Amino acid sequence: MALDRKQTAFRNFQIMPIDANNVNFEQAVVRLLVLLHTKGKPITATTKDFLYPEDLVEIIKEDNIHFEGVNDPTRERLMKNWISSDYATSIAEGRDRSAKPRISNFKPIHLSTIKLLDPRIRSQDRDASLFLYNIFKGTDFTTHNELFMSYLIQGTKKQGEYNLIVDEKDINELDIETQFLLRLLDRFRVDNPSTDRKKVVPEYKMLCEAQQKQFLFDILKLLVYKGVIPRRELLNYIIIALNFHTALFVLKSFFLINNIVKDKKPRCKTCKTIIGEKDFDKLCHCEFQPKLFVDLTLGQDRICDNLSKKSVEVHHNEMYRYFKSHYKLVKVAPIAHNAGIKEPSIEHLSAILDSPAVEPYFQVKLSEITSDEDMMDDPDVQQILKMNIPSIDKYVDIIINDKSNWKVRVRNHKSFLSTLCNMNRDDGFLQGGRGRQRKYVLGNLLLEVLVQLAVVDYKIHNESIAAYTKPITIISFVEWLKNRYGIYINEWLDGSDSPETAKALNNNFLALKDRLRQLGFYTDLSDASNSQVIKPRFKVEPDSNK
Ligand SMILES: [Zn+2]
């Protein structure tokens, strides 16, 4: 007999709130919108019929007050295709996927799109929405939350507790696309959320509060553009930022959780001193901040290519160590349960690791293994049992060293990272797959979002704090990326003193300049690098954001 499911069980919300597997981030955002709207209650059932893109075309045809021009088969077909590709995410169900694709959710362009979320279609959000909701709630950012919420529901008003309907006073201020969407959605209701108290989003407290603050603040910074960038594009920026920060959160968690189990150090001192926007530059001093060398030369420079691959490797190795740390915390959870703590926090669990109850508990656990003949015949298991280490380590080592279990962990976590880092996509920072070794890069769309974040600043204007955008030098942008996000471009932690590496790092910097120039963020006026400034695509004046 091999290990059973209970022995290899890994999942624990308090340790890693997102289930490590391939995440569909769009679905996570749709569900986040639901939770923000209902204050933490998921929608788990609906009374609506299945909905197909052509049903929406019918509404457009019938509603002569708000829509016109869809009156012949060609236009109907165009409309149907437009809805399918631009607004709706449809799923073809059935074993062979031959069934007619039905709408699973609308793309999150406005909060009203939650009206068409079909909870009967299984989501692959892997609880990422629960994590995101925890980021937003219960912080001193609540008033700013309202800023986000009011943007999300703009043009609508509440009807009853949960429904949203068109607000005739406001709707004309919106762009035509959002108006179209709201008129279309107006005849649908927001489903009532579940009243089951067990389904309410569980609490999750981030190990690094500074990371949470920066996460939120970046969303607020993007909202500075709400009058400037069209809604669809700005929400896309926001989703990219949410996604990017979630990926960084997961990478940083590997380091933090390893630390809490191995070194039992208190939370990092640096991050405690990070309070406001100006302090985020200090994140680079955090010893748990993941550092990513990104290759911008498209693999042209061998050294850059190599450095970016190595930095993925470092993170993978940290992740493998994290499997063990995670297992140790998960496996002591029953001790907390026996003591009456239902959902022990990560601090609870790590405190239990030091308790005298651990050794006898795991001696019993080990005896389950030693009483199994097949397990005892395994040379690896024998080897581990002979080691002079605490029983919990023996027990966890046996679970980790189980080949099929290890394979599952590695596979799931690698899909987890490839989906969260948006591998091989413009909005991501990872490249690889199909046998290629993974490396860090910067997709154009992500780069664009980062530029728009970097140029936002605040000043006192008419006696209040006003946000505006300012041109910044490329040098300061590169510093900003390193200080805040651990993204390295023209320097690296070791080896930059060799002339070859120095040349490679400079090539990477030149490649960034090329990319920024191609994206239209920058024009080369002179060779002096301090006069080379990035000009954002979208600009905000202190006055324009009232
Ligand atoms: Zn820290």
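**Exercise 1. Contacts of a core residue**

Task: In this predicted model, which residues is leucine 33 in contact with, leaving aside its neighbours within four places in sequence?

Solution: Apply the contact cut-off, C-beta atoms within 7 Å. Skip the neighbours within four places in sequence; leucine 33 is then in contact with Pro108, Leu111, Ile114 and Leu152. Next, place the residue in its core. Leu33 is among the residues with the most contacts inside the largest nonpolar core, along with Leu132, Leu222, Ala241 and Val294. That core has 140 residues. Helix 9 (residues 231-262) gives the largest share of this core, 19 residues.

**Exercise 2. Where two domains touch**

Task: Which elements give two or more residues to the side of domain 1 that touches domain 2?

Solution: Start with the bounds. Domain 1 covers 25-130 + 142-204, domain 2 covers 217-316 + 420-534, and domain 3 covers 317-417. The C-alpha centres of domain 1 and domain 2 are 32 Å apart. Across the boundary, 12 residues of domain 1 are in contact with 12 residues of domain 2. On the domain 1 side, the elements giving two or more residues are helix 2 (25-38), helix 6 (142-152) and helix 7 (176-185). Helix 6 supplies the largest share, 4 residues. By type, this side has 8 nonpolar, 2 polar and 2 charged residues.

**Exercise 3. A hairpin**

Task: In what sense do strand 8 and strand 9 pair, and over how many bridges?

Solution: Locate strand 8 at residues 456-461 and strand 9 at residues 464-469. They pair in the antiparallel sense, over 6 bridges. Check one bridge: aspartate 457 has tyrosine 468 in strand 9 as its partner. Then inspect the turn. The hairpin has 2 residues between the strands, and asparagine 462 takes a positive phi near 50°.

How values were computed:
Residues numbered from 1 in each chain as written. Predicted model: local features only at pLDDT ≥ 70, side-chain atom pairs only at ≥ 80, totals over all residues. Core = buried A, V, L, I, M, F, W, Y, C linked by C-beta atoms within 7 Å. Buried ≥ 20, exposed ≤ 12 C-beta atoms within 10 Å, placed from the backbone. Contact = placed C-beta atoms within 7 Å. Domains from an automatic or database assignment. Nonpolar A, V, L, I, M, F, W, Y, C, P; charged D, E, K, R; others polar. Pairing = 2+ DSSP bridges.
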